[in-house]
Amino acid sequence: MKFMKLGSRPDTFYTSEAIRTISSEVSSDLIIQVRGSRYLLHKFGNLCEVRADDFQFPLLSKCLCLQRLCSESPPDSSHHQIVQLPDFPGGVEAFELCAKFCYGITITLSPYNIVAARCAAEYLQMTEEVEKGNLINKLEIFFNSCILHGWKDTIVSLQTTKALHLWSEDLGITSRCIETIASKVLRHPTKVSLSHSHSRRVRDDISCNDTESLRTKSGSKGWWAEDLAELSIDLYWRTMIAIKSGGKVPSNLIGDALKVYASRWLPNISKNGNRKKNVSLAESEVDDSASEITSKHRLLLESIVSLLPTEKGAVSCSFLLKLLKASNILNASSSSKMELARRVGLQLEEATVNDLLIPSLSYTNDTVYDVELVMTILEQFMLQGQSPPTSPPRSLKTFERRRSRSAENINFELQESRRSSSASHSSKLKVAKLVDRYLQEVARDVNFSLSKFIALADIIPDFARHDHDDLYRAIDIYLKDMIQN
């Protein structure tokens, strides 16, 4: 953590806490009010008239903003000049830091207050044109040469920009922090160097993502993921976009980082998706605070979905399905749900039955589980699983061109084609078994209609089932429950 001390000469400066004891003993020349706190400032010697070119107040001599305000504000009946600063960035702490610098009192700068100090100095216009060696220049030197050189210091400073969003954007502080963080990650994207927070124990509860992949590993290469997970979603999104655009970080590391972030911020969902039947957070009567929290979680989820790498396998199918469950509960946008369903369809052979048991939260659906959503996933799987014709029509020129290739190349292409076709068929076999076992679970629901049962069973082609044992078992369970009820 970088610290910097400026100034060494104590002088006359009173904070609001001291006003009660000194106001009756010392006659102040200038009163500055910052967000309800008052500061009594005193000049050196006598000053009959306040002029822009002749300030004897140490604070005014370095602050063009206060010079202008004092010139425009006449003294009141008690001969006190009062200057109001109601919208001062950083509040009283930042103002006191600037005032102490002006009076030669030692100040300590760190990643936690550098942003507020920089914004406050900008507000007060403490530039080199006003006085050489002024605060803005010193803060910029410290920020660029020290803060931005440290990994954790840059992240801490970026976090503090949230409280001073507009000021930080205008001064380029936010963008400089993000660019610096991204450049450090891109310089060593897979460096085996655990962040300070990797030593923390990951929660053992079941959350919206793959907790099994988040536990500390001595050989972890995502050394930056947990530190960035401390950022708010807007800053995190911008930082991840900068990292992804660099093109040097493998997609699986991007996926791991998103799982870490989801674990840190998304609300927990029980393993079997238990929630009160037919209650949606967006539709139920909740107070303003709960509604606001839900909106934040929804934004967070949709932002994570937008950051998912395009490469298949960058994140696990289980993680995608847990995001899909969360999107149902948080009533996420239909585009986010569809994107997740499409992504799950690409990797459906990796899923388990428990992964597919997505709770139904719609008023119009009486079933325990959201079968319609699973149908959508299966449709996406079948669309991407359709193989091109094994022997496409070829023109004479194509035939002649292929004849010129060596037999070795042709054999290699045939082997690759067969391997690809075999992998696609293997996926269908796995998904067929998955669907039949899923049917065994949902068949126990008394509200599960026969038409939906048949539609779900028929979506898998006959050739994908080596046997029908699991399907017969599902039918048996469905008929028994129907007779009993």
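In this predicted model, the search for charged side-chain pairs gives a count of 18 salt bridges. Three of these pairs are described here, beginning with one inside a helix. The side chains of Arg 118 and Glu 122 meet in a salt bridge, with 2.8 Å from N to O. Arg 118 and Glu 122 are four residues apart in helix 5, so about one helical turn separates them. Their surroundings can be read from the accessibility values. Arg 118 counts as buried because its relative accessibility is 9%, under the 20% cut-off. Glu 122, with a relative accessible area of 30%, is partly exposed.

A second pair has partners from two helices. Arg 238 forms a salt bridge with Glu 169, and the closest N and O atoms are 2.5 Å apart. This pair links distant parts of the chain: Arg 238 belongs to helix 11 (residues 233-245) and Glu 169 to helix 8 (residues 165-170), 69 residues apart. Arg 238 counts as partly exposed at 29% relative accessibility, and Glu 169 is likewise partly exposed at 29%.

The third pair is again found within one helix. Asp 470 forms a salt bridge with Arg 473, the closest N and O atoms lying 2.9 Å apart. Because Asp 470 and Arg 473 are three residues apart in helix 21 (residues 469-484), about one helical turn separates them. Asp 470 is buried, with a relative accessible area of 10%, whereas Arg 473 counts as partly exposed at 43% relative accessibility. Elsewhere, salt bridges that share partners join Arg 118, Glu 122, Glu 140 and Arg 176 into one network.

Helix 5, which holds Arg 118 and Glu 122, deserves a closer look. Ten of the eleven residues of helix 5 are buried, so helix 5 is largely enclosed by the rest of the structure. The buried residues of helix 5 include Ile 114, Val 115 and Arg 118, along with Cys 119, Tyr 123 and Leu 124. Four alanines, Ala 116, Ala 117, Ala 120 and Ala 121, are also among the buried residues of this helix. After helix 5 comes Gln 125, whose phi is positive, near 60°.

Which residues line the largest cavity? The cavity search gives a count of one cavity of 30 Å³ or more, and the largest cavity has a volume of about 30 Å³. Its lining consists of Ile 114, Val 115, Arg 118, Leu 139, Glu 140, Phe 143, Ile 173 and Arg 176. Helix 5 (114-124), helix 6 and helix 9 (173-187) are the elements that give two or more residues to this lining. The lining thus brings back some familiar names: Arg 118, Glu 140 and Arg 176 line the largest cavity, and these three residues also belong to the salt-bridge network that includes Glu 122.

Helix 6 (residues 135-145) also holds Phe 142. Phe 142 counts as buried because its relative accessibility is 3%, with the cut-off for buried being under 20%. The C-alpha atoms of Phe 142 and Ser 110 are separated by 9.4 Å, although the two residues are 32 residues apart along the chain.

A buried acid without a salt-bridge partner is found further along the chain. Asp 355 lies in helix 16 (residues 353-356). How far away is the nearest side chain of opposite charge to Asp 355? That side chain is Lys 322, at 5.4 Å, and Asp 355 has no salt bridge although it is buried. The 5.4 Å separation can be set against the salt-bridge cut-off, which is within 4 Å. Asp 355 does have polar neighbours. Its side chain makes a polar contact with the side chain of Ser 318 (3.4 Å). In addition, the backbone nitrogen of Thr 352 lies 3.0 Å from a polar atom of the side chain of Asp 355. Leaving aside neighbours within four places in sequence, Asp 355 is in contact with Ser 318, Leu 321 and Lys 325.

These local features sit within a protein chain whose secondary structure comes to 21 helices and five strands. Of the 485 residues in the protein chain, 46% are buried. Among contacts between residues at least 6 apart in sequence, 75% join residues at least 24 apart.

How values were computed:
Residues are numbered from 1 along each chain as its sequence is written. This is a predicted model: local features need pLDDT of at least 70, side-chain atom pairs count only at pLDDT 80 or more; totals for chains, interfaces and linings use all residues. Side-chain values use heavy atoms; hydrogens and water are left out. Buried means under 20% relative accessible area, exposed over 50%, partly exposed in between (1.4 Å probe, protein chains only). Lys and Arg count as positive and Asp and Glu as negative; His and the chain ends are not counted. A polar contact is a pair of N or O atoms within 3.5 Å; within protein, one must be able to donate a hydrogen and the other to accept it, and residues adjacent in sequence count only if both atoms are side-chain atoms. Contact means heavy atoms within 4.5 Å. On a 1 Å grid over the protein atoms alone, a cavity is a set of points where a 1.4 Å probe fits but cannot get out, and a pocket is an open set with protein on both sides within 12 Å along at least five of seven lines; lining residues have an atom within 4 Å of a point. Grid points are joined across faces, edges and corners, and a volume is the space filled by probe spheres set on the points.
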